Amino acid sequence: MFILYVADLEDVAAKHSVNIHGYADDMQLYLHGRRDDMTSTVHRLENCITDIGQWMSANRLKLNTEKTELLWAGSRPSQSSVTVCRPSLQLGTDIVTVQDDVRLLGVTISSDLSLQRHVSNVSATAFYWLCQLRRVRRSLDSESAATFVHAFVTSRVDQCNALLAGATKSVTDTLQRVMNAAARVVSDTRKFDRGLTQILHDDLHWLDVADRVTYKLGVTMHRCRHGKATQYLVDCCTLVNNVVGRQHLGSATQQLMVVPRHRLSTVGCRAFAVHGPRVWNSLPDDFGAQQDYESFRQGLKTWLFSRY
């Protein structure tokens, strides 16, 4: 209901050519700017936020400047090439200073668009809860221990894990160590006991972290394929047979997706519009014709387990 109430904010942001994304009462404004024109970018953002504040005041709402955060994001080379100080925002009498990282819907986004800080935070929180559960493990049966681990550990590992698409092995290995430790707690075994792989895959039926990311992307692509996902995600997915001049290709009959061109293998290939179609195209051919969501989901998990 709140999103419907503040739907007019999209028109306010569009007037300044600023993109807006909202989830509940959490709003994000973002725009692209050149390194040599950061001042005008700041002015455009300040004017947009000022108009949003006026709209909120007229509609009995208040813009909380104390919780407003500013992040200048870009690749590491672009960050290092900025020779001037990254400007802050001046909102009336309040100044919003630049942050090195911000927390957005449970995800820590760093200025260099790396996921190291996010993964470190998730890992630290997960190991804290695993330490607490280890202390009371003798008082829990296996089913109760698994329930607590899912509630406090694996749910955090899986939250927004599609962002880990294309991440380096060092990043996914950090979370894999969390899953390994969680499996030890559920099975009540020690760190150097043998049989960890059997516990993870055969006993608990847990996918490895990299495959959990593939699974999340796969089911999301299936929802996009059948128009059941959010529209901005659906717009990122185009079948080859829907592209003019490519209907005669063999890929058009296989229900494959178009993988757009991208820049920067460290950042561009991690975008959903690129990595999502890549994951979809890597699935077996019969998956593309699968209509039922539950059947697709179960078949995908079975296929991922068959690769171990």
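**Exercise 1. Classify Phe148 by its relative accessibility, then describe its ring partner.**

Step 1. Phe148 has 36% relative accessibility, so it counts as partly exposed. The cut-offs are these: buried is under 20% relative accessible area, exposed is over 50%, and partly exposed lies in between, using a 1.4 Å probe and protein chains only.

Before we go on, a word on the model. It is a predicted one, where local features need pLDDT of at least 70 and side-chain atom pairs count only at pLDDT 80 or more, while totals for chains, interfaces and linings use all residues. Residues are numbered from 1 along each chain as its sequence is written, and side-chain values use heavy atoms, leaving out hydrogens and water.

Step 2. Now look at rings across the whole structure, where a search finds 7 aromatic pairs. Phe148 and Phe152 form a stacked pair, because their ring centres are 6.3 Å apart and their planes lie at 10°. (Rings of Phe, Tyr and Trp, the latter by its six-membered ring, pair if their centres lie within 6.5 Å; planes under 30 degrees apart are stacked, over 60 edge-to-face, and the rest tilted.)

Step 3. Place the pair: both residues belong to helix H6 (residues 142–158), 4 residues apart, which is about one turn of the helix. Helices here are DSSP runs of H or I with at least four residues, strands are runs of E with at least two, and both are numbered from the N terminus.

Step 4. Check the partner: Phe152, with a relative accessible area of 25%, is also partly exposed.

Step 5. Compare with a pair of another kind: Phe305 and Tyr308 are edge-to-face, with 5.8 Å from centre to centre and 80° between the planes. Tyr308 is partly exposed, at 39% relative accessible area.

Step 6. Widen the view: ring pairs link Tyr128, Trp129, Phe148 and Phe152 into a cluster.

**Exercise 2. Describe how helices H5 and H7 pack.**

Step 1. Recall what to look for: two packed helices are described by the angle between their axes and the distance between the axes.

Step 2. Read the values: H5 (residues 116–135) and H7 (residues 169–187) have axes 10 Å apart, at an angle of about 10°. H5 is therefore roughly parallel to H7. (Axes are lines fitted to C-alpha atoms, for helices over the stretch in contact, with angles from 0 to 180 degrees between N-to-C directions. Under 35 degrees is roughly parallel, over 145 roughly antiparallel, 65 to 115 roughly perpendicular, and the rest oblique.)

Step 3. Find the residues that meet, where contact means heavy atoms within 4.5 Å. On the H5 side they include Val119, Phe127 and Leu133, and on the H7 side they include Val171, Leu175 and Val185. By class, this contact has 12 nonpolar, 4 polar and 3 charged residues. (Nonpolar covers Ala, Val, Leu, Ile, Met, Phe, Trp, Tyr, Cys and Pro; charged covers Asp, Glu, Lys and Arg; the others, Gly among them, are polar.)

Step 4. Zoom in on Leu133, a residue of H5. Leu133 is buried, with a relative accessible area of 9%. Apart from neighbours within four places in sequence, Leu133 is in contact with Phe148, Val149 and Val185.

Step 5. Turn to Thr172, which is in helix H7. Thr172 is buried, at 11% relative accessible area. A polar atom of its side chain lies 3.1 Å from the backbone oxygen of Lys169.

**Exercise 3. Which helices do the buried residues of H11 pack against, and how does H11 cross H9?**

Step 1. List the buried residues of H11 (residues 272–282): Phe272, Val274, His275, Gly276, Pro277, Val279 and Trp280.

Step 2. Name the partners: these residues pack against H9 (209–225), H10 (231–234) and H12 (293–306).

Step 3. Take H9 and H11: their axes come within 9 Å and cross at roughly 95°. This makes H9 roughly perpendicular to H11.

Step 4. Sort the contact of H9 with H11: its residues divide into 7 nonpolar, 6 polar and 1 charged.

Step 5. Follow Pro277, which sits in H11. Pro277 is buried, with a relative accessible area of 0%. Not counting residues up to four places away in sequence, Pro277 touches Met221, Cys236, Met257, Val258, Val259 and Phe272. From Pro277 to Val259 is 18 residues in sequence and 5.8 Å in space, C-alpha to C-alpha.

**Exercise 4. How many helices and strands does the chain have, and what percentage of its residues is buried?**

Step 1. Count the elements: 12 helices and 6 strands.

Step 2. Of the 308 residues in the chain, 36% are buried.

Key:
Polar contact = N/O pair within 3.5 Å; in protein donor to acceptor, adjacent residues only side chain to side chain.
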